[in-house]
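Work through the exercises below with the model open. Try each task before reading its solution.

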Amino acid sequence: MLRSFLNKWLSQRSVPSNRGAQGEHYAERYLVKYGKMRLIARNWRNPRDRREEIDLVMRDGEVLVFVEVKTRSAGALVPGYHAVDARKKRVLSRGIRAYLRGMKEPPRTHRFDVVEVAWPKATDAGEPKVRHLANVSLARSS
């Protein structure tokens, strides 16, 4: 009985408590399972400027992938992709450059991906829906 209680308690603890962290957790699981990627770093921050954060750094074969995770409720007016605006792209670009500068052997190629995690409405049950947008441009859109 104690073993079953502990197993249940530990399995509940493996999912973070706030929605943003839960979204990152689901995005990571999705990329590992369906994208066949490998996790390198989670919530990496530039040591020189702590405002520059990269949600997930993954490896997709030989490609280093920098991932921004956007968590929303199912009926959100602004999808996660559109929430990565010009200001956020500038911050992410600086963070990615800092990450690459800190590597002993930078990869031959890298890319930027956005993962949207849409939580079902409170009345709906089930897992969140995950949408992976690969190779998103960090250039300013006009």
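Two strands pair if DSSP finds at least two bridges between them. Strands (E, at least two residues) and helices (H or I, at least four) are DSSP runs, numbered from the N terminus.

This is a predicted model: local features need pLDDT of at least 70, side-chain atom pairs count only at pLDDT 80 or more, and totals for chains, interfaces and linings use all residues. Residues are numbered from 1 along each chain as its sequence is written, and side-chain values use heavy atoms, with hydrogens and water left out.

**Exercise 1. Set out the fold.**

Task: State how many helices and strands there are in the chain, and give the pattern.

Solution:
- Step one: count. The chain has four helices and five strands.
- Step two: read along the sequence. The pattern is α-α-β-β-β-α-α-β-β.

**Exercise 2. Place strand S4.**

Task: Find the pairing of S4 with S3 and with S5, then decide how far S4 is enclosed.

Solution:
- Step one: take S3. It pairs with S4 in the parallel sense over 11 bridges. Val67 has Asp113 in S4 as its bridge partner.
- Step two: take S5 (residues 129-133). Five bridges join it to S4, and the two run antiparallel. Here Ala118 has Lys129 in S5 as its bridge partner.
- Step three: check burial. Buried means under 20% relative accessible area, exposed over 50%, partly exposed in between (1.4 Å probe, protein chains only). Eight of the 11 residues of S4 are buried, so the strand is largely enclosed by the rest of the structure.

**Exercise 3. Dissect the largest nonpolar core.**

Task: Name the residues that touch the most other members of the largest nonpolar core, and the elements that give two or more residues to it.

Solution:
- Step one: define the set. A nonpolar core is a set of buried Ala, Val, Leu, Ile, Met, Phe, Trp, Tyr and Cys residues joined through side-chain atoms within 4.5 Å.
- Step two: find the hubs. Of its 16 residues, Ile54, Val57, Phe66, Tyr99 and Phe112 touch the most other members.
- Step three: list the contributors. S1 (38-45), S2 (53-60), S3 (63-73), H4 (86-101) and S4 (109-119) each give two or more residues. H4 gives the most, with five.
- Step four: look for another core. A second, separate one of 13 residues includes Tyr26, Val63, Val69 and Val115.

**Exercise 4. Examine Glu68.**

Task: Is Glu68 buried or exposed?

Solution:
- Step one: locate Glu68. It is found in strand S3.
- Step two: read its accessibility. At 3%, Glu68 counts as buried.
- Step three: find a polar partner. The Glu68 side chain makes a polar contact (N or O atoms within 3.5 Å; within protein, one must be able to donate a hydrogen and the other to accept it, and residues adjacent in sequence count only if both atoms are side-chain atoms) with the side chain of Lys70, at 3.4 Å.
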